[in-house]
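Thanks for joining; I would like to take you through one structure today, beginning with how its chains meet and then turning to a helix and one of its residues.

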Amino acid sequence: MKRLEVNTNDGNVGFQIAPMIDVVFVIMLFFMVMAGAVKVEKELNSQLPGTAETSNATDFVDEQIINIADDGAITLNDEPFDSPTSHDLPQLKATLMRLKQNADAAKAPAIVTIISEPSAKYSRTVDVLDALAVAKIDNVTFTVSEEE
Amino acid sequence: MAGGGGGDGEPEFQVAPMIDVLLTILIFFMTITSAQVLKVDKTIKLPRAPDAQKKDNQRAEAVINVRWHAETKKGEFVFNDKTYTKAEDLVPLLKNAKATGEKKIVQGANPVFRAVIRGDRDVPAVYVSQAMDSCGNAGISDISFSAVNKE
């Protein structure tokens with residue numbers, strides 16, 4: 001009976017702010033840490049050839065061809081660029097940026113076709129598409145070379 | 001030496017506005033961390049493309065997931081939660097999706113219906129090419145490849 005008397009001292013159990021702030025701080029810290037690691041989905045756009053409608057006659061322009069070999073080796077117009085294990089492709093990026101500048105100066109569209117070996121990894125294609133996105137080249141087509 | 005405010009007592013620490021601020025920051029961090037969790041196929045490890053543009057979620061689109069089974073060395077296509085082994089099977093479904101999706105396009109959004117290909121990073125390029133062929137056969141020429149910004 002004595003214990004009951006102690007508990008109901010005032011008859012008024014107040015809302016405790018201090019523990020609530022503790023909890024809110026912990027939750028906030030958790031979300032702040034998670035915010036740094038959050039993965040955001042990105043997109044690389046491409047247009048399939050052949051369905052574009054044009055009213056004017058189109059000029060033939062130089063087309064750059066990027067080949068992706070089975071082992072991940074990348075060649076631009078038969079010239080090898082970067083190592084097959086490099087994901088950042090610095091040489092290819094620099095060359096593509098120069099190409100884009102030249103194309104802009106000549107007021108011609110920069111057109112790039114990516115031809116991948118059928119068994120080459122898709123991530124390699126995305127590496128190349130990423131390099132093209134850095135160089136701001138939008139006219140990109142992707143195809144797989146015929147094996148047989 | 002009265003610094004400001006007036007009144008007679010010392011300035012007190014106000015708990016109520018502090019809780020307001022804390023809850024606002026909390027909600028901010030909660031929204032940015034949980035925004036991207038929806039509708040992502042956990043079995044697919046998306047390739048990394050840090051320089052790609054942020055995904056436009058306003059557009060009408062059909063999402064094709066391309067899975068890769070490393071043990072059996074086989075890829076498969078997932079569309080609307082159903083699995084297909086051949087990309088050709090997707091063509092009628094994509095045509096349907098395009099017809100219904102184009103009706104839903106709201107004003108202001110990009111009016112072109114597109115296909116988003118979400119391929120596993122280890123899948124051979126030929127599977128992605130087959131998925132693109134199906135999109136082309138279904139009359140969808142605007143194709144986006146999905147990637148993530150970091151590992």
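**Where the chains meet**

Keeping in mind that this is a predicted model, let me begin with the interface, where 42 residues of chain B are in contact with 38 residues of chain A. On the side of chain B that touches chain A, the elements giving two or more residues are α1 (15-34), β1 (53-54), β5 (114-119), α3 and β6 (142-148) of chain B, and of these α1(B) gives the most, with 10 residues. Sorted by class, that side of chain B has 23 nonpolar, 10 polar and 9 charged residues.

The chains also meet through strands, since β1(B) and strand β1 of chain A, residues 41-47, pair in the antiparallel sense over 2 bridges, and Lys54(B) in β1(B) is the bridge partner of Lys42(A).

Let me move on to helix packing within chain B. The axes of α2(B) and of helix α3 of chain B, residues 125-137, come within 8 Å and cross at roughly 50°, which means that α2(B) is oblique to α3(B). The crossing is right-handed, and the contact is made by Leu90(B), Val91(B) and Leu94(B) from α2(B) together with Ser134(B), Cys135(B) and Asn137(B) from α3(B); these residues divide into 4 nonpolar, 2 polar and no charged.

Finally, is Glu102(B), which is found in helix α2 of chain B, residues 90-103, buried or exposed? Glu102(B) is exposed, because 12 other C-beta atoms lie within 10 Å, and 12 or fewer is the cut-off for that label. Leaving aside residues up to four places away in sequence, Glu102(B) touches Ala60(B) and Phe113(B).

Note on methods. Residues numbered from 1 in each chain as written. Chains lettered and ligands numbered in written order. Predicted model: local features only at pLDDT ≥ 70, side-chain atom pairs only at ≥ 80, totals over all residues. Buried ≥ 20, exposed ≤ 12 C-beta atoms within 10 Å, placed from the backbone. Contact = placed C-beta atoms within 7 Å. Axes fitted to C-alpha atoms, helices over the stretch in contact; angles between N-to-C directions. Helix = DSSP H or I, 4+ residues; strand = E, 2+ residues; numbered from the N terminus. Parallel < 35°, antiparallel > 145°, perpendicular 65-115°, else oblique. Left-handed = near helix turned anticlockwise from the far one by under 90°. Nonpolar A, V, L, I, M, F, W, Y, C, P; charged D, E, K, R; others polar. Pairing = 2+ DSSP bridges.
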